[in-house]
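Work through the exercises below with the sequence and the model at hand. Each task is followed by a solution in steps.

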Amino acid sequence: MKFILKQRTFFLLTACFLVAASLYLLLSGAADPATPDHGPFTSDEQAVERSFDMIRPETRIEKHIFLHPKTPKPGDFLVLEAGPLGSGFEPELDFDFSGEISNFYRTGNLLFAVIGICYDTEPGRYKISVENSLTRDNKNNLEAVVEVSGKEFQESRFSMPAGITEGWDPERLAREREMIREAMAETVAYPLWVQRFINPLEEGRVTSEFGVIRIIDGNPPRRHDGIDLAADEGTPIIAPNRGIVRLADSLLAGGKTVIIDHGLDLSSSYMHLDSLAVEEGEIVERGQLLGTVGMTGYATGPHLHWEVNIGQSPVNPKQILDNDLLWIPPGYVERKLTAGD
Ligand SMILES: [Zn+2]
């Protein structure tokens, strides 16, 4: 299957270009560099950068396309950098594996994207390409091969207590599924995160891994779209990074639920909470309290169901703790950020 994405509406190309151009001036030292309140690097990020052997100047002249990780597993996300892009031309990003294309982000003459790879992707070599024009007559298309490795997902059979879903209104369930879908679709076209991601529930004990094939009460198998972390009721849950709260509500299946948009189609979700400490539209900072561990909704014991999605594609939440996202420079456009963005 082939997916094509033009950057959504490529909104206000001119404005984006002006922002990119002024960023370039800022970063190249031609303008006052004091504006970003957190630089692109902290010392620990520099250490991470070295360990990844990354080369990340803000503007590169030579044609390139970098992928990280180089051999992703099904259920991973892939971080892409490509360039140089022509100014004033809309690139197109294509790939031929089953997954979700993110919005992409442009800084200087570079394109960045986060791409979710579905957990049911077959191992193999897949093509990824960026159709790119430097000038009207000069195409500078970029291509790379993604090698998706194999991964075994465990199977788990269990029962839920009789009557746990009793009285649930199917229409309300469908409406809430749509609310979740919409919350995950709402995003800004630049990264909101700052520095590395942190664990939202450090003391949590993993009771169900991401991607597990679950057979509940003998029903057809379903994948576990997140990771379950058990902890005492009332244990604080914190935001792993900066973002905008797109949903904070009490749902039938999810119980008390929070969904945070971190930008570039990357969202993180928190379910079965006992209490909510944030509201929809609010900007949360890295480490900010989101709520507390509970067992609301479809749950039998106190735990956090933690989910990370690229668009509608669930990916392994553990990967966002692996610093892969530091590959992408922070969104300097954050200075424009206001609640409800
Ligand atoms: Zn779960």
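Strands, labelled E, are DSSP runs of at least two residues and are numbered from the N terminus. The model is predicted.

**Exercise 1.** Locate the cis peptide bonds at Pro69 and Pro84.

Solution. Step 1: most peptide bonds are trans, as a general rule. Step 2: the bond from His68 to Pro69 is cis, its omega being near 0 degrees. Pro69 belongs to the loop between strand E2 (64–68) and strand E3 (77–83). Step 3: Gly83 and Pro84 are also joined by a cis bond, with omega about -5 degrees. Pro84 sits in the loop between E3 and strand E4 (92–95).

**Exercise 2.** Determine whether Asp217 is buried or exposed, and do the same for His272.

Solution. Step 1: most residues other than glycine have a negative phi. Step 2: Asp217, which is not a glycine, has a positive phi of about 55 degrees, and the phi of His272 is near 70 degrees. Step 3: a residue is exposed if 12 or fewer other C-beta atoms lie within 10 Å of its own, and buried if there are 20 or more. Step 4: Asp217 has 10 C-beta neighbours inside 10 Å and therefore counts as exposed. This residue lies in the loop between strand E12 (213–216) and strand E13 (222–223). Step 5: His272 has 25 other C-beta atoms within 10 Å, so His272 is buried. His272 is part of strand E18.

**Exercise 3.** Compare the expected span of helix H3 with the distance between its end C-alpha atoms, and describe its buried and exposed residues.

Solution. Step 1: at 1.5 Å a residue, the 16 residues of H3 (170–185) should span 22 Å; the end C-alpha atoms are 23 Å apart, which agrees. Step 2: Ile180, Ala183 and Met184 are buried. These three cover an arc of only 95 degrees around the axis, so they lie on the same side of H3. Step 3: on the face turned away from the buried side are exposed residues, including Glu171, Arg175 and Glu182. Step 4: the buried residues pack against strands E16 (243–251), E17 (255–261), E18 (266–273) and E22 (303–310).

**Exercise 4.** Where does the largest nonpolar core lie with respect to domain 1 and domain 2?

Solution. Step 1: this core has 64 residues, and Ile115 and Val258 have the most contacts inside it. Step 2: strand E7 (residues 110–117) gives the most to the core, with 7 residues. Step 3: domain 1 (3–151) and domain 2 (155–322) both give residues to the core, so it lies between them. Step 4: Val258 touches several residues, among them Val245, Leu247 and Tyr270.

Terms used:
Residues numbered from 1 in each chain as written. Predicted model: local features only at pLDDT ≥ 70, side-chain atom pairs only at ≥ 80, totals over all residues. Helix = DSSP H or I, 4+ residues; strand = E, 2+ residues; numbered from the N terminus. Expected span 1.5 Å × (residues − 1). Arc of directions from axis to C-beta. Contact = placed C-beta atoms within 7 Å. Core = buried A, V, L, I, M, F, W, Y, C linked by C-beta atoms within 7 Å. Domains from an automatic or database assignment. Lists of a residue's contacts leave out its neighbours within four places in sequence.
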